[in-house]
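Hi there,

I am handing over the structure we talked about, and my notes follow below it. Have a look whenever you find a quiet moment.

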Amino acid sequence: MNAVPASDLTFDVRSLPKVSLHDHLDGGLRPQTIIELAARIGHELPSTDAVALGQWFRESADSGSLPRYLETFEHTVAVMQTRDALARVAAEFVEDLADDGVIYGEVRWAPEQHLQQGLSLDEAVEAVQEGLEAGVDTVESTGRQIQVGQLITAMRHADRSMEIAELAVRHRDSGAVGFDIAGAEDGFPPSRFAEAFTYLAENQFPVTAHAGEAAGLDSIADALVSARTLRLGHGVRIAEDIDVEFTNDDDGDGDVGLVSLGRLACWVRDRSIPLEICPSSNLQTGAVAGFGEQLSEHPVDLLYQTGFNVSINPDNRLMSGATLSDELELLVDTFEYDLDDLQTLMLNAVEAAFLPLEEREALADYVVEGFANER
Ligand SMILES: [Zn+2]
(Lines give C-alpha, C1' and ligand atoms only; values in the text may rest on other atoms or scores of the structure.)
Protein backbone atom coordinates (compact mmCIF):
# COMPACT_ATOMS: atom_id res chain seq x y z
CA MET A 1 0.00 0.00 0.00
CA ASN A 2 1.07 3.57 -0.44
CA ALA A 3 -0.35 6.82 0.79
CA VAL A 4 -1.35 8.47 -2.47
CA PRO A 5 -4.79 10.02 -2.04
CA ALA A 6 -7.38 8.73 -4.48
CA SER A 7 -7.66 12.11 -6.14
CA ASP A 8 -4.04 11.72 -7.28
CA LEU A 9 -4.58 8.24 -8.71
CA THR A 10 -2.58 7.60 -11.82
CA PHE A 11 -4.81 4.73 -12.90
CA ASP A 12 -8.39 4.41 -14.03
CA VAL A 13 -10.20 1.68 -12.10
CA ARG A 14 -12.89 1.33 -14.76
CA SER A 15 -10.39 0.42 -17.45
CA LEU A 16 -8.72 -2.30 -15.35
CA PRO A 17 -9.76 -5.87 -16.27
CA LYS A 18 -12.09 -7.10 -13.54
CA VAL A 19 -13.84 -10.26 -12.37
CA SER A 20 -17.22 -10.16 -10.62
CA LEU A 21 -18.39 -13.25 -8.74
CA HIS A 22 -21.31 -12.01 -6.65
CA ASP A 23 -23.74 -9.99 -8.73
CA HIS A 24 -27.53 -10.66 -8.65
CA LEU A 25 -29.46 -10.48 -11.92
CA ASP A 26 -32.54 -9.08 -10.15
CA GLY A 27 -30.34 -6.51 -8.38
CA GLY A 28 -28.71 -5.09 -11.48
CA LEU A 29 -31.51 -3.78 -13.69
CA ARG A 30 -31.41 -0.38 -15.34
CA PRO A 31 -34.15 1.86 -13.84
CA GLN A 32 -35.40 2.79 -17.32
CA THR A 33 -35.79 -0.89 -18.19
CA ILE A 34 -37.82 -1.51 -15.02
CA ILE A 35 -40.11 1.37 -15.98
CA GLU A 36 -40.64 0.06 -19.52
CA LEU A 37 -41.21 -3.55 -18.45
CA ALA A 38 -43.55 -2.49 -15.63
CA ALA A 39 -45.66 -0.37 -18.02
CA ARG A 40 -46.15 -3.42 -20.24
CA ILE A 41 -47.69 -5.49 -17.45
CA GLY A 42 -49.37 -2.72 -15.46
CA HIS A 43 -47.08 -3.11 -12.44
CA GLU A 44 -47.10 -0.03 -10.24
CA LEU A 45 -43.74 1.47 -9.30
CA PRO A 46 -42.77 4.05 -6.64
CA SER A 47 -41.74 6.35 -9.53
CA THR A 48 -41.81 6.33 -13.31
CA ASP A 49 -38.86 8.68 -13.61
CA ALA A 50 -35.62 6.76 -14.09
CA VAL A 51 -33.49 9.02 -11.90
CA ALA A 52 -36.05 9.14 -9.10
CA LEU A 53 -36.62 5.39 -9.29
CA GLY A 54 -32.89 4.69 -9.07
CA GLN A 55 -32.75 6.93 -6.00
CA TRP A 56 -35.77 5.16 -4.46
CA PHE A 57 -33.98 1.81 -4.77
CA ARG A 58 -30.83 3.15 -3.13
CA GLU A 59 -32.68 4.83 -0.28
CA SER A 60 -34.92 1.84 0.44
CA ALA A 61 -31.90 -0.42 0.43
CA ASP A 62 -30.06 1.97 2.73
CA SER A 63 -32.32 1.34 5.71
CA GLY A 64 -29.87 -0.89 7.55
CA SER A 65 -32.34 -3.76 7.61
CA LEU A 66 -31.94 -6.87 5.45
CA PRO A 67 -35.72 -7.52 5.21
CA ARG A 68 -36.34 -3.96 3.94
CA TYR A 69 -33.41 -4.32 1.58
CA LEU A 70 -34.96 -7.52 0.20
CA GLU A 71 -38.35 -5.75 -0.28
CA THR A 72 -36.90 -3.75 -3.15
CA PHE A 73 -36.63 -6.99 -5.12
CA GLU A 74 -40.41 -7.34 -5.25
CA HIS A 75 -40.39 -4.71 -8.00
CA THR A 76 -37.49 -6.09 -10.01
CA VAL A 77 -38.71 -9.69 -9.81
CA ALA A 78 -42.24 -8.59 -10.78
CA VAL A 79 -41.05 -7.28 -14.15
CA MET A 80 -38.89 -10.34 -14.92
CA GLN A 81 -41.57 -12.96 -15.53
CA THR A 82 -41.48 -13.50 -19.29
CA ARG A 83 -38.94 -14.89 -21.70
CA ASP A 84 -38.46 -11.50 -23.38
CA ALA A 85 -38.10 -9.61 -20.11
CA LEU A 86 -35.56 -12.09 -18.70
CA ALA A 87 -33.57 -12.07 -21.92
CA ARG A 88 -33.53 -8.26 -22.10
CA VAL A 89 -32.46 -7.84 -18.47
CA ALA A 90 -29.73 -10.48 -18.91
CA ALA A 91 -28.41 -8.88 -22.11
CA GLU A 92 -28.26 -5.41 -20.54
CA PHE A 93 -26.64 -6.89 -17.45
CA VAL A 94 -23.73 -8.17 -19.57
CA GLU A 95 -23.42 -4.86 -21.44
CA ASP A 96 -23.30 -2.96 -18.14
CA LEU A 97 -20.62 -5.30 -16.76
CA ALA A 98 -18.52 -4.79 -19.89
CA ASP A 99 -18.95 -1.00 -19.67
CA ASP A 100 -17.53 -1.27 -16.15
CA GLY A 101 -14.49 -3.20 -17.38
CA VAL A 102 -15.60 -6.65 -16.20
CA ILE A 103 -14.12 -9.42 -18.36
CA TYR A 104 -15.58 -12.40 -16.48
CA GLY A 105 -18.81 -12.34 -14.51
CA GLU A 106 -20.91 -14.89 -12.68
CA VAL A 107 -24.56 -13.84 -12.67
CA ARG A 108 -26.71 -15.31 -9.93
CA TRP A 109 -30.48 -15.51 -9.84
CA ALA A 110 -33.27 -17.78 -8.61
CA PRO A 111 -35.31 -19.28 -11.50
CA GLU A 112 -38.07 -20.34 -9.08
CA GLN A 113 -38.97 -16.65 -8.62
CA HIS A 114 -39.69 -16.13 -12.30
CA LEU A 115 -42.51 -18.59 -12.99
CA GLN A 116 -45.52 -16.37 -12.26
CA GLN A 117 -46.45 -15.94 -15.94
CA GLY A 118 -46.16 -19.60 -16.80
CA LEU A 119 -42.49 -20.12 -17.64
CA SER A 120 -41.03 -23.46 -16.59
CA LEU A 121 -37.75 -23.56 -14.67
CA ASP A 122 -35.92 -24.75 -17.79
CA GLU A 123 -37.51 -22.07 -19.99
CA ALA A 124 -36.47 -19.40 -17.49
CA VAL A 125 -32.84 -20.61 -17.50
CA GLU A 126 -32.86 -20.73 -21.30
CA ALA A 127 -34.27 -17.20 -21.54
CA VAL A 128 -31.53 -15.82 -19.30
CA GLN A 129 -28.89 -17.76 -21.25
CA GLU A 130 -30.23 -16.36 -24.51
CA GLY A 131 -29.97 -12.84 -23.07
CA LEU A 132 -26.48 -13.38 -21.68
CA GLU A 133 -25.26 -14.65 -25.05
CA ALA A 134 -26.89 -11.70 -26.85
CA GLY A 135 -25.14 -9.38 -24.40
CA VAL A 136 -21.80 -11.05 -25.07
CA ASP A 137 -22.37 -10.65 -28.84
CA THR A 138 -23.15 -6.96 -28.41
CA VAL A 139 -19.99 -6.45 -26.35
CA GLU A 140 -17.89 -8.35 -28.90
CA SER A 141 -19.33 -6.27 -31.73
CA THR A 142 -17.66 -3.26 -30.09
CA GLY A 143 -14.26 -4.97 -30.06
CA ARG A 144 -14.30 -5.87 -26.36
CA GLN A 145 -14.50 -9.25 -24.64
CA ILE A 146 -16.52 -10.68 -21.80
CA GLN A 147 -17.37 -14.15 -20.55
CA VAL A 148 -20.33 -14.83 -18.24
CA GLY A 149 -21.78 -17.83 -16.44
CA GLN A 150 -25.01 -18.45 -14.54
CA LEU A 151 -25.11 -19.29 -10.86
CA ILE A 152 -28.45 -20.98 -10.26
CA THR A 153 -29.82 -19.93 -6.88
CA ALA A 154 -32.30 -21.79 -4.67
CA MET A 155 -34.24 -19.68 -2.15
CA ARG A 156 -33.71 -20.88 1.41
CA HIS A 157 -37.29 -20.33 2.58
CA ALA A 158 -38.70 -22.41 -0.28
CA ASP A 159 -38.39 -26.15 -0.28
CA ARG A 160 -37.29 -26.58 -3.87
CA SER A 161 -33.55 -26.97 -3.39
CA MET A 162 -33.35 -30.50 -4.83
CA GLU A 163 -35.37 -29.49 -7.89
CA ILE A 164 -33.16 -26.42 -8.39
CA ALA A 165 -29.97 -28.43 -7.91
CA GLU A 166 -31.13 -30.82 -10.64
CA LEU A 167 -32.01 -27.85 -12.84
CA ALA A 168 -28.52 -26.41 -12.42
CA VAL A 169 -26.80 -29.69 -13.23
CA ARG A 170 -29.08 -30.18 -16.26
CA HIS A 171 -27.81 -26.85 -17.65
CA ARG A 172 -24.13 -27.36 -16.82
CA ASP A 173 -23.18 -27.59 -20.50
CA SER A 174 -25.40 -24.69 -21.51
CA GLY A 175 -24.45 -21.82 -19.24
CA ALA A 176 -24.80 -22.88 -15.59
CA VAL A 177 -21.43 -22.82 -13.79
CA GLY A 178 -22.53 -23.13 -10.18
CA PHE A 179 -25.25 -23.38 -7.54
CA ASP A 180 -26.06 -20.90 -4.77
CA ILE A 181 -28.51 -20.54 -1.91
CA ALA A 182 -29.88 -17.12 -0.98
CA GLY A 183 -32.70 -15.50 0.96
CA ALA A 184 -33.37 -15.65 4.70
CA GLU A 185 -30.10 -16.94 6.14
CA ASP A 186 -31.14 -16.95 9.77
CA GLY A 187 -33.34 -19.96 10.53
CA PHE A 188 -32.72 -21.68 7.17
CA PRO A 189 -29.29 -23.33 7.55
CA PRO A 190 -27.78 -25.35 4.68
CA SER A 191 -28.32 -28.53 6.71
CA ARG A 192 -32.02 -28.24 5.74
CA PHE A 193 -31.01 -28.85 2.13
CA ALA A 194 -28.56 -31.69 2.77
CA GLU A 195 -30.04 -33.90 0.07
CA ALA A 196 -29.52 -31.25 -2.63
CA PHE A 197 -25.94 -30.58 -1.57
CA THR A 198 -25.13 -34.29 -1.56
CA TYR A 199 -26.56 -34.57 -5.06
CA LEU A 200 -24.43 -31.60 -6.22
CA ALA A 201 -21.30 -33.09 -4.65
CA GLU A 202 -21.99 -36.46 -6.27
CA ASN A 203 -22.21 -34.64 -9.61
CA GLN A 204 -19.06 -32.56 -8.99
CA PHE A 205 -21.08 -29.37 -9.44
CA PRO A 206 -19.61 -26.22 -7.81
CA VAL A 207 -21.44 -24.60 -4.90
CA THR A 208 -21.28 -21.15 -3.35
CA ALA A 209 -23.60 -20.28 -0.48
CA HIS A 210 -24.69 -17.00 1.06
CA ALA A 211 -23.35 -17.35 4.61
CA GLY A 212 -21.94 -15.00 7.20
CA GLU A 213 -24.13 -12.08 6.13
CA ALA A 214 -27.38 -12.11 8.13
CA ALA A 215 -26.09 -14.84 10.45
CA GLY A 216 -22.73 -15.49 12.04
CA LEU A 217 -20.16 -18.20 12.59
CA ASP A 218 -22.58 -21.12 12.96
CA SER A 219 -24.02 -20.32 9.56
CA ILE A 220 -20.55 -20.20 7.99
CA ALA A 221 -19.59 -23.51 9.61
CA ASP A 222 -22.79 -25.14 8.38
CA ALA A 223 -22.22 -23.84 4.83
CA LEU A 224 -18.78 -25.46 4.87
CA VAL A 225 -20.01 -28.76 6.33
CA SER A 226 -23.56 -29.29 5.04
CA ALA A 227 -23.28 -27.42 1.73
CA ARG A 228 -19.62 -28.39 1.14
CA THR A 229 -19.46 -24.87 -0.26
CA LEU A 230 -16.37 -23.93 -2.26
CA ARG A 231 -16.90 -20.20 -1.61
CA LEU A 232 -18.69 -18.09 0.97
CA GLY A 233 -21.20 -15.56 -0.37
CA HIS A 234 -20.19 -12.57 1.78
CA GLY A 235 -18.65 -14.69 4.55
CA VAL A 236 -17.74 -11.32 6.03
CA ARG A 237 -18.84 -12.27 9.54
CA ILE A 238 -15.93 -14.72 9.72
CA ALA A 239 -14.27 -11.59 11.12
CA GLU A 240 -16.25 -12.25 14.33
CA ASP A 241 -13.79 -15.10 14.89
CA ILE A 242 -10.81 -12.75 14.79
CA ASP A 243 -9.52 -10.91 17.84
CA VAL A 244 -7.52 -7.76 17.45
CA GLU A 245 -5.77 -6.49 20.55
CA PHE A 246 -4.23 -3.05 20.38
CA THR A 247 -1.13 -2.25 22.40
CA ASN A 248 1.03 0.84 22.32
CA ASP A 249 4.30 0.21 20.58
CA ASP A 250 7.61 1.38 22.03
CA ASP A 251 8.03 4.30 19.64
CA GLY A 252 4.87 5.87 20.89
CA ASP A 253 3.82 6.66 17.33
CA GLY A 254 0.64 4.65 17.36
CA ASP A 255 -0.96 1.37 18.32
CA VAL A 256 0.05 -2.07 17.17
CA GLY A 257 -2.64 -4.66 16.57
CA LEU A 258 -2.12 -8.25 17.67
CA VAL A 259 -4.36 -10.48 15.62
CA SER A 260 -5.48 -13.93 16.73
CA LEU A 261 -7.81 -16.21 14.80
CA GLY A 262 -10.29 -18.75 16.10
CA ARG A 263 -10.38 -22.26 14.69
CA LEU A 264 -13.06 -21.53 12.07
CA ALA A 265 -11.32 -18.36 10.88
CA CYS A 266 -8.04 -20.32 10.66
CA TRP A 267 -9.73 -22.97 8.56
CA VAL A 268 -11.23 -20.45 6.15
CA ARG A 269 -7.99 -18.48 5.81
CA ASP A 270 -5.52 -21.35 5.78
CA ARG A 271 -7.52 -23.33 3.23
CA SER A 272 -7.98 -20.14 1.11
CA ILE A 273 -11.76 -20.51 1.04
CA PRO A 274 -12.85 -17.52 -1.05
CA LEU A 275 -14.88 -14.75 0.57
CA GLU A 276 -17.17 -12.88 -1.84
CA ILE A 277 -17.07 -9.56 0.00
CA CYS A 278 -19.63 -6.91 -0.99
CA PRO A 279 -18.65 -3.74 0.91
CA SER A 280 -21.49 -1.33 0.10
CA SER A 281 -24.20 -3.98 0.41
CA ASN A 282 -22.85 -5.06 3.80
CA LEU A 283 -23.17 -1.50 5.08
CA GLN A 284 -26.70 -1.20 3.67
CA THR A 285 -28.04 -4.43 5.17
CA GLY A 286 -26.34 -4.09 8.53
CA ALA A 287 -24.31 -7.29 7.93
CA VAL A 288 -21.28 -5.67 9.53
CA ALA A 289 -23.14 -3.49 12.05
CA GLY A 290 -21.18 -5.24 14.82
CA PHE A 291 -18.06 -3.56 13.49
CA GLY A 292 -19.43 -0.11 12.69
CA GLU A 293 -21.42 1.84 10.14
CA GLN A 294 -18.61 3.34 8.07
CA LEU A 295 -16.62 1.65 5.35
CA SER A 296 -13.48 2.45 7.37
CA GLU A 297 -14.85 0.12 10.06
CA HIS A 298 -15.76 -2.66 7.62
CA PRO A 299 -13.64 -5.77 8.30
CA VAL A 300 -12.74 -6.16 4.60
CA ASP A 301 -9.33 -4.62 5.22
CA LEU A 302 -8.67 -6.76 8.30
CA LEU A 303 -9.57 -9.89 6.30
CA TYR A 304 -7.42 -8.82 3.37
CA GLN A 305 -4.41 -7.85 5.49
CA THR A 306 -4.69 -11.08 7.51
CA GLY A 307 -4.36 -13.16 4.35
CA PHE A 308 -7.91 -14.32 3.62
CA ASN A 309 -8.86 -14.98 0.00
CA VAL A 310 -10.87 -11.78 -0.41
CA SER A 311 -12.62 -10.82 -3.63
CA ILE A 312 -14.65 -7.62 -4.04
CA ASN A 313 -18.15 -7.72 -5.48
CA PRO A 314 -21.11 -5.38 -6.06
CA ASP A 315 -23.93 -7.75 -4.88
CA ASN A 316 -26.75 -5.54 -6.23
CA ARG A 317 -25.64 -2.63 -8.37
CA LEU A 318 -29.11 -1.08 -8.54
CA MET A 319 -29.67 -1.11 -4.77
CA SER A 320 -26.16 0.13 -3.94
CA GLY A 321 -25.92 2.53 -6.86
CA ALA A 322 -22.38 1.20 -7.25
CA THR A 323 -20.57 -0.89 -9.84
CA LEU A 324 -17.56 -3.09 -9.13
CA SER A 325 -15.29 -0.19 -10.15
CA ASP A 326 -17.11 2.06 -7.68
CA GLU A 327 -16.59 -0.52 -4.91
CA LEU A 328 -12.88 -0.68 -5.69
CA GLU A 329 -12.61 3.11 -5.77
CA LEU A 330 -14.22 3.23 -2.33
CA LEU A 331 -11.54 0.85 -1.04
CA VAL A 332 -8.81 2.95 -2.64
CA ASP A 333 -10.23 6.07 -0.97
CA THR A 334 -10.79 4.45 2.42
CA PHE A 335 -7.86 2.07 2.82
CA GLU A 336 -5.38 3.61 0.38
CA TYR A 337 -5.23 0.48 -1.74
CA ASP A 338 -2.90 0.78 -4.70
CA LEU A 339 -2.71 -0.99 -8.03
CA ASP A 340 -0.95 -4.01 -6.48
CA ASP A 341 -3.75 -4.41 -3.93
CA LEU A 342 -6.42 -4.22 -6.62
CA GLN A 343 -4.54 -6.75 -8.72
CA THR A 344 -4.33 -9.14 -5.76
CA LEU A 345 -8.08 -8.79 -5.16
CA MET A 346 -8.77 -9.48 -8.84
CA LEU A 347 -6.46 -12.50 -8.96
CA ASN A 348 -8.24 -13.84 -5.86
CA ALA A 349 -11.50 -13.61 -7.80
CA VAL A 350 -9.93 -15.37 -10.78
CA GLU A 351 -8.73 -18.18 -8.53
CA ALA A 352 -12.22 -18.52 -7.03
CA ALA A 353 -14.08 -18.45 -10.37
CA PHE A 354 -16.05 -21.56 -11.28
CA LEU A 355 -13.95 -22.14 -14.39
CA PRO A 356 -11.58 -24.96 -15.36
CA LEU A 357 -7.96 -24.43 -14.32
CA GLU A 358 -6.71 -23.70 -17.85
CA GLU A 359 -9.29 -20.95 -18.28
CA ARG A 360 -8.45 -19.45 -14.89
CA GLU A 361 -4.77 -19.40 -15.81
CA ALA A 362 -5.55 -17.64 -19.08
CA LEU A 363 -7.81 -15.18 -17.24
CA ALA A 364 -5.06 -14.49 -14.68
CA ASP A 365 -2.56 -13.74 -17.49
CA TYR A 366 -5.08 -11.37 -19.06
CA VAL A 367 -5.64 -9.57 -15.74
CA VAL A 368 -1.90 -9.21 -15.04
CA GLU A 369 -1.33 -7.87 -18.55
CA GLY A 370 -4.20 -5.40 -18.20
CA PHE A 371 -2.86 -4.11 -14.91
CA ALA A 372 0.66 -3.85 -16.39
CA ASN A 373 -0.72 -1.60 -19.13
CA GLU A 374 -1.98 0.82 -16.44
CA ARG A 375 1.39 1.13 -14.70
ZN1 LIG B 1 -25.97 -11.78 -2.55
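Let me start with a question: which residue stands opposite V107 in strand 3? The residue facing V107 is Q150. Before the rest, please keep in mind that this is a predicted model.

That pair belongs to the link between strand 2 and strand 3 (residues 147-155), which run parallel and are joined over six bridges. On its other pairing, strand 2 meets strand 1, again in the parallel sense, over five bridges. There, V19 has Y104 of strand 2 as its bridge partner. Strand 2 (residues 102-109) is largely enclosed by the rest of the structure, because eight of its eight residues are buried.

Now for the sheet as a whole. It is an open sheet of eight strands with parallel pairing, and the order is 1-2-3-4-5-6-9-10. At the edges you will find strand 1 (18-24) and strand 10 (310-312), each of which pairs on one side only. From one strand to the next, the twist averages 25°.

Further along, strand 4 (residues 176-182) and strand 5 (residues 207-211) pair in the parallel sense over three bridges. Here F179 is placed opposite V207 of strand 5. Helix 9 (residues 217-225) lies across strand 5 and strand 6 (231-234), and its direction is at about 165° to strand 5.

One residue I would like you to look at is E276, which sits in strand 9 (residues 275-277). Is E276 buried or exposed? Its relative accessible area is 0%, so E276 counts as buried. Leaving aside residues up to four places away in sequence, E276 touches H22, R108, T208, R231, L232, G233, H234, S311 and N313. For a sense of distance, E276 and H157 are 119 residues apart in sequence, and their C-alpha atoms are 22 Å apart in space.

Finally, something on the surface. V244, F246 and V259 make a nonpolar surface patch of about 270 Å². Of these, V259 is part of strand 8 (residues 255-261). Why does V259 count as partly exposed? The reason is its relative accessibility of 41%, which falls between the cut-offs of under 20% for buried and over 50% for exposed.

Happy to hear your thoughts once you have had a look.

Best wishes

Terms used: Residues numbered from 1 in each chain as written. Predicted model: local features only at pLDDT ≥ 70, side-chain atom pairs only at ≥ 80, totals over all residues. Heavy atoms only, no water. Pairing = 2+ DSSP bridges. Helix = DSSP H or I, 4+ residues; strand = E, 2+ residues; numbered from the N terminus. Axes fitted to C-alpha atoms, helices over the stretch in contact; angles between N-to-C directions. Contact = heavy atoms within 4.5 Å. Patch = residues over 30% accessible without salt bridge, like charges linked within 9 Å, V, L, I, M, F, W, Y side chains within 5 Å. Areas by Shrake-Rupley, 256 points an atom, 1.4 Å probe, with all protein chains shown as cover. Salt bridge = Lys/Arg side-chain N within 4 Å of Asp/Glu carboxyl O. Buried < 20%, exposed > 50% of the residue type's maximum accessible area, 1.4 Å probe, protein only.
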